[in-house]
Amino acid sequence: MKKTNLLLSLAALLAAVSPGVASESAPEKVTTSDGRVLNLTWHDEFDVEGLPNADYWNYEVGYIRNYEKQYYTDARLENVFIKDGLLTIRTIKEDYDIASKPKNHDETTAAYTSGSIETLGKASWQYGRVEVRAKLPKGKGIWPAIWMMGDNILTAGYPECGEIDVMEYVGHTPHRAWGTIHMQRKDAPRDQVVSRGDSILLDKEGEEPEETFHVYALEWTKDFLKIFVDDHLILDFQRSEEEAKTPEWPFDQKCYIKLNTALGGSWGGEVAEGTCPTDFQIDYVRVYQ
């Protein structure tokens, strides 16, 4: 084989397997709902089997928030793995030993395990379009999410860092996906949060929502945040002069991405027998700017 052909073949191979290199499955440009053309700047197509790319993703570990029942494990293939071009976050009912692991509860065994991965400290973005194609888990008590938070979370904390929930889904109200924005009110206690959200029914004729992939997307500029499901606008949050007077606007900074499946807790609610195991599957994550 000629050297030129060898280099071309190597480049094609890298494009096929590297989540940071554009491939045929990831368009290099997109046109936003308001007509802007954006370029692909980061993506993960989940083409390499095993654990997620460690250059891109960290793990949350332990019991984290919202009185949820799952213990998030650290780089455990049973809970987070890539196979056949899909990232799967699997929530399992099991007796999982946490006696020697980092935790913030007193028990030594977790009844449920799951996964939460994030790009904090590895990749973050300010403005653009974020797309995630995913198929939701099923069962009462399940609570998957695709969301973003400000890079300053480690210094400012929550809710000062802001939160963009591109998708949340709770099993006790099936068929409906939510998009929500949260931020802190000015000069108010930390529990006084400004929230704007709306939802959409995911039903397709003859299909359950947990059997179908949908594209969940955020379009974000200095003036607005818009959330879409399959290009249907479900939330249009404008940074109007009046809105800006009330909260602290935290969305003029870089934000990182989180993918997780929670169980129970403050919104997930009661967990039904037989809910687990259940899978949250992600086809890709793409960022355009």
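Val30 stands opposite Leu38 in strand 2, in a predicted model whose protein chain has four helices and 18 strands. Of the 289 residues in the protein chain, 51% count as buried. Contacts between residues 24 or more positions apart make up 69% of those with a separation of 6 or more. The accessible surface of the protein chain is about 13,600 Å², and carbon and sulfur atoms account for 50% of that surface.

**Strands 1, 2 and 18**

- Strand 1 (residues 29-31) pairs with strand 2 (residues 37-44) over three bridges, in the antiparallel sense.
- These two strands, strand 1 and strand 2, make a hairpin with five residues between them. Within the turn, Gly35 has a positive phi of about 90°.
- Strand 2 also pairs with strand 18, again in the antiparallel sense, over four bridges. Here Asp44 is placed opposite Val285 in strand 18.
- Asp283 belongs to strand 18 (residues 278-288). Asp283 counts as buried because its relative accessibility is 19%, and the cut-off for buried is under 20%.
- Outside its neighbours within four places in sequence, Asp283 is in contact with Asp44, Glu45, Phe46, Gly85, Leu86, Arg133 and Phe213.
- Between Asp283 and Lys135 there are 8.2 Å in space, C-alpha to C-alpha, although the two are 148 residues apart in sequence.

**Two buried glutamates**

- Glu131 is located in strand 9 (residues 128-135) and counts as buried at 9% relative accessibility.
- The side chain of Glu131 is joined to that of Arg129 by a polar contact of 2.7 Å.
- Apart from residues up to four places away in sequence, Glu131 touches Val30, Val215, Tyr216, Ala217, Tyr284, Val285, Arg286 and Tyr288. Val30 is the residue that stands opposite Leu38 in strand 2, and Val285 is the one opposite Asp44.
- Glu219 sits in strand 14 (residues 214-220) and is buried, with a relative accessible area of 1%.
- A polar contact of 2.7 Å links the side chain of Glu219 to the side chain of Ser33.
- With neighbours within four places in sequence set aside, the contacts of Glu219 are Thr32, Ser33, Asp34, Gly128, Arg129, Phe224, Leu225, Lys226 and Phe228. Arg129 is also the polar partner of Glu131.

**Hairpin of strands 15 and 16**

- Strand 15 (residues 224-229) and strand 16 (residues 232-238) run antiparallel and are joined by six bridges.
- Val229 has His232 in strand 16 as its bridge partner.
- Two residues lie between the strands of this hairpin, and Asp230 in the turn has a positive phi of about 50°.

**Open sheet of seven strands**

- An open sheet is formed by seven strands in the order 3-8-17-10-11-12-13, with antiparallel pairing.
- Strand 3 and strand 13 (193-201) are at the edges; each has a single partner strand, so one side of each has no neighbour in the sheet.
- Within this order, strand 11 (residues 163-169) and strand 12 (residues 176-184) pair over five bridges in the antiparallel sense. One bridge places Glu168 with Trp178 in strand 12.

**Largest pocket and Arg65**

- The largest pocket holds about 340 Å³ of space. Its lining has 15 residues, of which Arg65, Asn66, Trp143, Trp147 and Glu163 are the closest to the centre.
- At least two lining residues come from each of strand 10 (142-150), strand 11 and strand 17 (255-263). Strand 10 gives the largest share, with four residues.
- Strands 17, 10 and 11 follow one another in the order of the open sheet.
- Arg65 lies in the loop between strand 3 (58-59) and strand 4 (70-72). Arg65 is partly exposed, with a relative accessible area of 21%.
- Excluding its neighbours within four places in sequence, Arg65 contacts Glu60, Tyr72, Ser116, Trp147, Lys258 and Asn260. Trp147 is also listed among the residues closest to the pocket centre.
- Arg65 and Ala262 are separated by 197 residues in sequence and by 9.4 Å in space, C-alpha to C-alpha.

Methods. Residues are numbered from 1 along each chain as its sequence is written. This is a predicted model: local features need pLDDT of at least 70, side-chain atom pairs count only at pLDDT 80 or more; totals for chains, interfaces and linings use all residues. Side-chain values use heavy atoms; hydrogens and water are left out. Buried means under 20% relative accessible area, exposed over 50%, partly exposed in between (1.4 Å probe, protein chains only). A polar contact is a pair of N or O atoms within 3.5 Å; within protein, one must be able to donate a hydrogen and the other to accept it, and residues adjacent in sequence count only if both atoms are side-chain atoms. Contact means heavy atoms within 4.5 Å. Two strands pair if DSSP finds at least two bridges between them. Accessible areas come from the Shrake-Rupley method with a 1.4 Å probe; for residues, only the protein chains shown count as cover. On a 1 Å grid over the protein atoms alone, a cavity is a set of points where a 1.4 Å probe fits but cannot get out, and a pocket is an open set with protein on both sides within 12 Å along at least five of seven lines; lining residues have an atom within 4 Å of a point. Grid points are joined across faces, edges and corners, and a volume is the space filled by probe spheres set on the points.
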